[in-house]
Amino acid sequence: MPPRRRSAWFYIGIIAGSLAAVFLLVTGMVWFTMRSMTGSSAGLGLGSDSIAVIDISGAILSPETIDSQLRKFGDDSSVKAILLHINSPGGGAAASQEIYHEVLRVRQESHKKVVASIESVGASGAYYIASACDRIYANDASVVGSIGVIMEWTNYGDLLRWAKLKNVVIHAGELKDAGDPSRDLTPKEEIYFQSLVDNMYTQFVHDVATGRHTTDDKIRPLATGQVWTGQQSLPLGLIDKVGGYRVALTETAKEAGISGEPNVVRPAKNKRGLFALLADDGEDLFPNPGQMLNKAPGFYFMWK
């Protein structure tokens with residue numbers, strides 16, 4: 001039998017359908033990429049009085065992300081208070097200190113309450129940040145405190161000698177190579193580093209005392225580097241109330257004048273879009289081995 005002839009409308013429909021499919025695919029890719037870069041509108045706090053929740057979890061290595069989130073919610077008129085949901089052992093000394101001062105700035109300039117809710121761990125640098133808040137909540141079994149400073153690195157001098165390798169350093173300035181991990185510290189270097197640690201320790205104690213509205217003399221006996229449970233921390237004045245995230249959220253909302261169930265907003269997640277993955281140079285998947293060697297002694301507000 002001769003083949004059946006199709007009408008021109010059939011081919012027009014095929015072409016139109018293909019174009020529509022291509023358009024939808026491109027639109028979806030663009031939307032996915034833009035959403036990955038800017039995040040969803042759920043984090044903007046639009047339309048109602050809201051409580052912003054910022055998670056501080058894991059080691060604190062950089063203040064940039066937390067500071068930008070604080071600034072964003074501090075400037076958002078629909079956000080009536082900010083809740084820092086903390087589960088961190090601390091981190092870099094300078095990074096923790098910078099977030100501490102950003103919390104104070106938001107409280108003073110935006111006239112908003114910033115409240116800390118410690119989940120499992122709120123120690124060292126994380127507690128440093130919490131002390132800047134209007135109020136600190138913690139669970140009975142939360143780990144709180146660890147006010148202190150630590151500086152550490154790995155000495156691999158014996159390994160070099162075993163491998164018959166020698167570290168060659170040329171420097172000007174007596175203490176320029178202090179902390180060289182290929183050799184032991186000299187007595188003068190030990191005094192030098194201890195003076196730095198002591199100075200940071202004094203700053204830590206003073207800032208916690210300021211945040212907790214007390215004196216350095218009252219905080220110093222607690223600044224031994226040790227931790228306490230949330231239950232133990234309450235009579236010591238390190239926290240304001242024993243209670244979990246839900247208690248902190250509802251009481252903060254009530255103090256902010258929000259009745260009923262509070263609307264919670266969080267920062268938009270910074271997901272990597274399709275275009276970013278295609279353009280990636282692969283460093284995230286395959287780290288440069290040279291980065292592993294770029295390790296220097298550092299000062300930390302960290303509980304271990």
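Alanine 116 has isoleucine 136, in β5, as its bridge partner. The two strands concerned, β4 (113-123) and β5 (135-138), pair in the parallel sense over four bridges; strands here are DSSP E runs of at least two residues, helices are H or I runs of at least four, and both are numbered from the N terminus. Two strands count as paired if DSSP finds at least two bridges between them. Before going further, please keep in mind that this is a predicted model, in which local features need pLDDT of at least 70, side-chain atom pairs count only at pLDDT 80 or more, and totals for chains, interfaces and linings use all residues. Residues are numbered from 1 along each chain as its sequence is written, and side-chain values use heavy atoms, with hydrogens and water left out.

Let us follow the strands outward from here. On one path, β5 runs parallel to strand β9 (residues 241-242) and is joined to β9 by two bridges, with alanine 138 opposite valine 242 in β9. On another path, β4 pairs in the parallel sense with β2 over seven bridges, and leucine 83 has valine 115 of β4 as its bridge partner. Next, β2 pairs with β1, again in the parallel sense, over eight bridges; there, alanine 52 faces isoleucine 82 in β2.

How do the chain's helices link these strands? Helix α4 (residues 125-130) forms a right-handed β-α-β unit with β4 and β5. Helix α2 (residues 64-75) does so with β1 and β2, also in a right-handed unit. Right-handed means that, with the strands pointing away from the viewer, the path from the first strand over the helix to the second runs clockwise.

Now look at what is hidden. In β2, eight of the ten residues are buried, that is, under 20% relative accessible area with a 1.4 Å probe, counting protein chains only. One residue to click on is leucine 84: leaving aside residues up to four places away in sequence, leucine 84 touches Ile54, Ile56, Leu70, Val103, Val114, Val115, Ala116, Ser117, Ile129 and Cys133, where contact means heavy atoms within 4.5 Å.

Leu84 also belongs to the largest nonpolar core, which has 49 residues; Leu70, Ile82, Leu84, Ile86, Val103 and Ile147 touch the most other members. Such a core is a set of buried Ala, Val, Leu, Ile, Met, Phe, Trp, Tyr and Cys residues joined through side-chain atoms within 4.5 Å. Two or more residues of this core come from each of β1, α2, β2, α3 (93-110), β4, α4, β5 and α6 (187-211), and α3 gives the largest share, seven residues. Apart from it lies another core of ten residues, including Ala81, Leu83, Tyr137 and Ala253.

Ala253 takes us to helix α9 (residues 245-255), whose buried residues are Ala248, Leu249, Thr252 and Ala253. Why do they sit on the same side of α9? They cover an arc of only 125° around the axis, judged by the directions from the helix axis to the C-beta atoms. An α-helix has 3.6 residues a turn, so residues three or four places apart point the same way. The cover over the buried residues of α9 includes β1 (50-57), β2 (79-88), β4, β5 and β10 (263-265). After α9 comes glycine 257, with a positive phi near 85°.

Finally, step back to the whole protein. It has eleven helices and eleven strands, and 37% of its 304 residues are buried.

Definitions and conventions
Buried means under 20% relative accessible area, exposed over 50%, partly exposed in between (1.4 Å probe, protein chains only).
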